[in-house]
Structures are given as C-alpha cells and as structure tokens.
Amino acid sequence: TSVTFFAYYLGALWNGAWLSADMSRVTCDSAQMIEACAYFAGLVVRDRVAATVADLEAAFGDASAERAFLTGGLATYATPGAQNVAAVAEGLRARGLPLAYAPLPAFKTFGAPHYYIGNGIVTGARHPDEGWAYVKWAASTPNWAITRGQPPARVDLFDAWAARAYEGIGDRVRLEVYRDSLRHPLRLDPLFHVPAAERVQMVDLIQVGLDRMWRGDAPAQVLRELKGQLQPLVPRELPG
C-alpha cells in the first residue's frame, strides 16, 4: 500500500490523525497512531504477510506490486488507486487471470478510503463560468469516471460506471460491496489540506519513518521523532 494511504487515511481508521483538526499541531505520537502503525509494521516485520519495495525487488527484481500480483507472484494486492483497479479488471477480462476481489478489513473503525482526481478551475481562467458549467456537468454524469477509469464519487452514478469498467466480469466482482462503500467515506487526515509545498515535505518524512518501521524500528519511537521533524513544517498561517 502506498504512502498516500498511510499519510491521508490511516489515522482515521484508528480514530487518530497526523495533524490536529485545526491543523496547528502534529499528533502522530498519539496512542491511536502508535497502535495503527504498530499493526501495519507487524504485518511486515513479525507476520511477514506484507511485502515492502525491498522485498519485491529481492524476490522478483521489480518493485511493482501490481506486476507481481498479475503474474502470480503475490497472493493479495491492495490497490493504491483507482487506476490500479482498472489494471486488475483488464487482467481479468483480457487475460482470464484467476483473480477475485475482496474488501479490506475494517480495522478499528469502518470507512472506505476513496481517493478521487477531480476537476478544477485555475486562478485567472479566462472563462470561469463556462469552466464551472463543465465541472458541474462532469460531476453529474458517469462519463468523467468512465473515461478516467475511476469510480464515481456518487452512488447513483456507480452502476453505469461499473457496467463499463467490469463489462463481462461483473459476476466475479463483489460490486455491491464496492457500491456500498461510497455510502461510508473515510475522512481525510487534516495533513491532506496543508499547502502543497509543506505537505510534500511532510509526506516525504513520513515515508522515511515508515521505511524505518518496516525494517524493525519501534513505531512509538519513530513517531515521536517524526513529530519533532514535522512540526516545524506546519504552516503558521493557512490560506483562506
């Protein structure tokens, strides 16, 4: 699973967060965050049921979990994004691979982490009214999701999207679970709303910390050290 999951969704699954709700304090050393990271570190270090990039490279000479899964090297694959879901669907449809779908477990709390790529209007656009009309149209039909290969954010658009995305293989996918997950979205960690320049630096530091945990360093110690590294990057003033 990518650092995106650990940075933006992990905390909510344990009722924790990297940042406080007012986005002023780093809270990654809370009991909830320590428990969450210890759980995932245990999958890697203790149980040996989750592979790191280094594990993949050592076993297959390739860091791609997707390729390892589609060629039979991995038993399970937690897709990090909708584009990866589309690749697995194509493997089923075009290559007839013996794959099945399953939802992730519901950890401490329940919620479905959906990460969407949306539309927007750049500052200073020459035709903002027309652009906004297009954005609203794209959000009101399944066509945007179909062309992107990503699931729609609305339940009422799901069936039309799924009919295209899983054409011919819908009976091999638990689409009802996928559809119902849209009714229970997981909140994003406040870290996601930090301005991009600082957020990128923070996520890079989190990746380094995760790599340490995957190598066996104690999650509690890593998270306490990360707090000191992340706090100076929290903007003193947030954009309005």
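**Cysteines, core, cavity and salt bridges**

The structure comes out with 0 disulfides. Cysteine 28 stays unpaired, and the nearest cysteine sulfur, on cysteine 37, sits 8.1 Å away. The cut-off for a disulfide is 2.5 Å between sulfur atoms, so a pair 8.1 Å apart does not count. Cysteine 37 is likewise in no disulfide, its nearest cysteine sulfur being that of cysteine 28. Both side chains are tucked away from the surface: cysteine 28 is buried at 0% relative accessibility, and cysteine 37 is buried at 1%. All of this is read from a predicted model.

Next, the packing. The largest nonpolar core holds 39 residues, and within it Trp18 and Leu191 touch the most other members. Two or more residues each come from helix H1 (3–8), helix H2 (10–13), helix H3 (31–45), helix H11 (196–214) and helix H12 (219–230). Of these, H3 gives the largest share, 8 residues. Apart from this core there is another one, of 19 residues, with Tyr77, Ile169, Tyr178 and Leu182 among them. As a general matter, nonpolar side chains in soluble globular proteins tend to be buried together.

As for empty space, the cavity search turns up 1 cavity of 30 Å³ or more. The largest cavity encloses about 30 Å³. Around it stand Trp18, Leu19, Val26, Leu191, Met202, Ile206 and Leu230. Trp18 and Leu191 thus turn up again, in the lining as well as among the best-connected members of the largest core, where they touch the most other members. By class, that lining is made of 7 nonpolar residues, with no polar and no charged ones.

On the charged side, the count reaches 12 salt bridges. One of them brings lysine 108 and glutamate 35 together, at 3.3 Å from N to O. This pair ties distant parts of the chain, 73 residues apart: lysine 108 belongs to the loop between helix H6 (82–95) and helix H7 (128–139), while glutamate 35 is in helix H3. Glutamate 35 is partly exposed, at 38% relative accessible area.

Another salt bridge joins aspartate 55 to arginine 48, with the closest N and O atoms 4.0 Å apart. Here aspartate 55 is partly exposed at 25% relative accessibility, whereas arginine 48 is exposed at 57%. For aspartate 217 and arginine 212, the closest N and O atoms of the salt bridge lie 3.0 Å apart. Aspartate 217 counts as partly exposed, at 32%. Through shared partners, salt bridges link Arg212, Asp217 and Glu225 into one network.

Notes. Residues are numbered from 1 along each chain as its sequence is written. This is a predicted model: local features need pLDDT of at least 70, side-chain atom pairs count only at pLDDT 80 or more; totals for chains, interfaces and linings use all residues. Side-chain values use heavy atoms; hydrogens and water are left out. Buried means under 20% relative accessible area, exposed over 50%, partly exposed in between (1.4 Å probe, protein chains only). A nonpolar core is a set of buried Ala, Val, Leu, Ile, Met, Phe, Trp, Tyr and Cys residues joined through side-chain atoms within 4.5 Å. Helices (H or I, at least four residues) and strands (E, at least two) are DSSP runs, numbered from the N terminus. On a 1 Å grid over the protein atoms alone, a cavity is a set of points where a 1.4 Å probe fits but cannot get out, and a pocket is an open set with protein on both sides within 12 Å along at least five of seven lines; lining residues have an atom within 4 Å of a point. Grid points are joined across faces, edges and corners, and a volume is the space filled by probe spheres set on the points. Ala, Val, Leu, Ile, Met, Phe, Trp, Tyr, Cys and Pro count as nonpolar, Asp, Glu, Lys and Arg as charged, and the others, Gly among them, as polar. A salt bridge is a side-chain nitrogen of Lys or Arg within 4 Å of a carboxyl oxygen of Asp or Glu.
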